[in-house]
Amino acid sequence: MTIDYSAFYELLSGTGLEPWTELLPERISHGLRHERHGLLPQWEEVLAELPLTENAAVELKTGVDVKGDTYSDLEGLLKQLHPWRKGPYHIHGIDIETEWRSDWKWDRVSPHLQPLKDRTILDVGCGNGYHCWRMAGEGAKLVVGIDPSPLFVCQFFAMKNFINDSRAWVLPLGIEDVPQTPGAFDTVFSMGVLYHRKDPLEHIEQLKSFLRLGGELVIETLVIDGPEGYVLVPEGRYAKMRNVWAIPSVPTLEGWLRNCGLKNVRTVDINTTTTDEQHSTEWMTFESLPDFLDPANPAKTVEGHPAPKRAVVIASQP
Ligand SMILES: C[S@@+](CC[C@H](N)C(=O)[O-])C[C@H]1O[C@@H](n2cnc3c(N)ncnc32)[C@H](O)[C@@H]1O
């Protein structure tokens, strides 16, 4: 497997995304230049060594599950793409037990969505593309995931080697690198990204700009208990994360969406993250949620902030 987007460009005809064929190749090369990470050449080598597979049974609706022949070297190869954060994946007899049970997040989000069948979808900050595969499993026409991490793009192409489905793609781009294509998407997801943005309202405006009239915006983010207008702006780290800028209360977040001109704003889920959902595994051996919480009071982070709680908010482009 090599990282190759030529089949992706062929799918853009008739989608409103045709200008991307001209604009993206340079930005993608930039996102995957070797200076971005010292291990990138090694990750590309892993992709090149993945076995060619045939006659596998691929399941994307209930999980990401590929059943077929087993390969003795495969687990060792895939482990070279450590850390695996989003999943789980079940590939040719190997269970990639990831840091996150991303399937649990999908179970909280997906029942509330307009049906994804035949939709063109943008998933901003998609990680290795786990949810992109699940969106394809719901019958989406085209899923464009973007994530600036070259490792996550390599993990996506590793899975693509086995899943072999041309509807889902992960591009090595940050949202700031995505060409302006107003109204090109039916559904736009931003899951786990808002609190990493210095200007959350600008982020919402950007997401909105990609949506067609009547399209759906789905935001999943950390939230804090509190009234409208309340936002936690952590000085220093939050749960050991360096780049957390603003964690709104649910009423604040809903107000931001309305202020940006979105309609039918509703919070469909609020959930406190458990250490069952996020923990270290043999596929992600670094610290994880149990290390980010105060051992004496797991309702607090080690910095003394409220422990991670997340909400899913959905809105429509009027
Ligand atoms: C917490 S993860 C969320 C992954 C996935 N959406 C999920 O909900 O499981 C946040 C992701 O945002 C990505 N990210 C960071 N900066 C970004 C940017 N400027 N544009 C898009 N994605 C970004 C990170 O690489 C990371 O994979």
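The largest pocket of this predicted model is the space taken by the ligand. The shell around the ligand consists of 17 residues, of which Lys 105, Gly 125, Asp 147, Ile 175 and Met 191 are the closest. When these surrounding residues are sorted by class, seven are nonpolar, five are polar and five are charged.

Polar contacts to the ligand involve both backbone and side-chain atoms of the protein. A nitrogen atom of the ligand lies 2.7 Å from a backbone N or O atom of Gly 125, while an oxygen atom of the ligand is found 2.6 Å from a polar atom in the side chain of Asp 147. In addition, an N or O atom in the side chain of Arg 197 lies 3.0 Å from a nitrogen atom of the ligand. Of the 600 Å² of accessible area that the ligand has on its own, 84% is covered by the protein.

Aromatic rings were examined across the whole structure, and this search finds 14 aromatic pairs. In one of these pairs, the ring centres of Trp 84 and Tyr 89 are 6.0 Å apart and the planes meet at 70 degrees; because an angle over 60 degrees counts as edge-to-face, the pair is assigned to that arrangement. Trp 84 and Tyr 89 are both buried. Tyr 89 also pairs with Tyr 130, with ring centres 5.6 Å apart and planes at 80 degrees, so this pair is likewise edge-to-face.

Technical notes: Residues are numbered from 1 along each chain as its sequence is written. Side-chain values use heavy atoms; hydrogens and water are left out. A residue is near a molecule or strand if one of its heavy atoms lies within 4 Å of it. A polar contact is a pair of N or O atoms within 3.5 Å; within protein, one must be able to donate a hydrogen and the other to accept it, and residues adjacent in sequence count only if both atoms are side-chain atoms. Accessible areas come from the Shrake-Rupley method with a 1.4 Å probe; for residues, only the protein chains shown count as cover. On a 1 Å grid over the protein atoms alone, a cavity is a set of points where a 1.4 Å probe fits but cannot get out, and a pocket is an open set with protein on both sides within 12 Å along at least five of seven lines; lining residues have an atom within 4 Å of a point. A molecule sits in a cavity or pocket if more than half of its atoms lie within 2 Å of its grid points. Ala, Val, Leu, Ile, Met, Phe, Trp, Tyr, Cys and Pro count as nonpolar, Asp, Glu, Lys and Arg as charged, and the others, Gly among them, as polar. Rings of Phe, Tyr and Trp (its six-membered ring) pair if their centres lie within 6.5 Å; planes under 30 degrees apart count as stacked, over 60 as edge-to-face and the rest as tilted. Buried means under 20% relative accessible area, exposed over 50%, partly exposed in between (1.4 Å probe, protein chains only).
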